[in-house]
Amino acid sequence: MSNTNDELQTLIFKPINLSDGDRVENIRKKSNNTLYLYTFASLFAWQEDEQYEICFGDNAFLVKNGAEGEHAYLFPCGSDEGKKKLLDSLLNNEKPELYSLTDEDKAFLEDAYPGLFVFEERRDEFIYLFDKDAQIELKGKEYKKQRHQIHIGKNSAEKWTTEPITAANIDRALALNAKWAENKGSYVLADLTAAKCALYNFDSLSMWGLLFQADGEDAAYVTGSFITPEIFDLSFCKVLGDRRDFFVRWKFFSSLPQEVRIIDSEEDLGIEGLRINKLSRHPSELIRIWKGSIKQ
């Protein structure tokens, strides 16, 4: 390890507060990190479920992921020098497990710490990216089933309307969130708490979304955040009624700003139905994700 003990940083972790938003985003954007997990909106919304705590270094930050274990962390985000300093300090104190590594992060560890880590591919955490224009235009035979599903969803109501989610209608989105969870029962996904947090802090997290009405009744909402002006993270999509989700997503994609080119649809969590759904929509890319552990 190149750093001496005098150079090692004392790692102090704390809860993630709204006041940390600008600092997190400045570090993330300066380092060109486009993994949705590192956006402030995602970190803040998921911190209760994932037991996140954050430590800031020089032009970098490190997130403790308590839900994964006592020594679990997201790979640090920031400048190469800043990440190395945080990792040196971490390795001086414990044998960490590092989560959410991309191929580039894996290569960083292999170069900085030769032979120290072993890596495990995490298929359930692969991130799905979709070409926005392809998802709107749906040209070609491969999209035939998708076009059919959109047609079914559209025809499930005589009239669909949308409105941007704002402070004036956030309560309706929260009510829809609760109703969606009630309808799902034991099948509800684990993102309910995170979705509520995102809605409660919608403006503070700079999120963007639409509320859908079917024949005058609130029927769906979709929200997310801009990773960059060209990449949109679709964080939460809650739809009431059967076979409407393809239409709702299609309508939402059509409403995004023109400069958006890529939709980040996050991971499938290893849930069979979710994986089938995401793959059936023909992702343009799957970002491979790894876990790094100290070699025994």
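This is a short talk on the cavities and one strand neighbourhood of the structure above.

Okay, hi everyone. One thing up front: this is a predicted model, so please hear everything today with that in mind.

Let me start with the empty space. How many cavities of 30 Å³ or more does a search of the whole structure find? Two. The largest cavity holds about 60 Å³ of space, and the second largest has a volume of about 40 Å³.

Take the largest cavity, then. Its lining is made of 13 residues. If you want to find it on screen, go to Ala41, Ser42, Asp233, Ser235 and Phe236, since those are the lining residues that lie nearest the centre. Two elements give two or more residues each to that lining: helix H2, residues 40-50, and strand E10, residues 231-239. H2 has the largest share, with four residues. As for chemistry, the lining of the largest cavity splits into seven nonpolar, four polar and two charged residues.

Now the second largest cavity. I can read you the whole lining here: Gln135, Gln146, Ile150, Phe246, Arg249, Trp250, Phe253 and Arg281. Which helices supply at least two of those residues each? That would be H6, residues 144-154, and H9, residues 245-255. H9 gives the most, with four residues. By class, you get four nonpolar, two polar and two charged residues in the lining of the second largest cavity.

Right, leaving the cavities, let's go over to strand E8, residues 208-214. Is E8 mostly covered or mostly open? Mostly covered: six of its seven residues are buried.

And E8 has strands to pair with. One of its partners is strand E7, residues 160-164, and that pairing is antiparallel, over five bridges. If you'd like a residue pair to click on, tryptophan 160 has alanine 214 of E8 as its bridge partner.

Another partner of E8 is strand E9, residues 217-228, again in the antiparallel sense, this time over seven bridges. Here the pair to look at is leucine 211, standing opposite tyrosine 221 in E9.

How many residues sit between E8 and E9 in their hairpin? Two. For those of you who like backbone torsions, have a look at aspartate 215 in that turn: its phi is positive, at about 50°.

So, to recap: two cavities of 30 Å³ or more, with H2 giving the largest share of the lining in the largest one and H9 giving the most in the second largest. Then there's E8, with six of seven residues buried, paired antiparallel with E7 and with E9. That's me done, thanks.

Notes:
Residues are numbered from 1 along each chain as its sequence is written. This is a predicted model: local features need pLDDT of at least 70, side-chain atom pairs count only at pLDDT 80 or more; totals for chains, interfaces and linings use all residues. Side-chain values use heavy atoms; hydrogens and water are left out. On a 1 Å grid over the protein atoms alone, a cavity is a set of points where a 1.4 Å probe fits but cannot get out, and a pocket is an open set with protein on both sides within 12 Å along at least five of seven lines; lining residues have an atom within 4 Å of a point. Grid points are joined across faces, edges and corners, and a volume is the space filled by probe spheres set on the points. Ala, Val, Leu, Ile, Met, Phe, Trp, Tyr, Cys and Pro count as nonpolar, Asp, Glu, Lys and Arg as charged, and the others, Gly among them, as polar. Buried means under 20% relative accessible area, exposed over 50%, partly exposed in between (1.4 Å probe, protein chains only). Two strands pair if DSSP finds at least two bridges between them.
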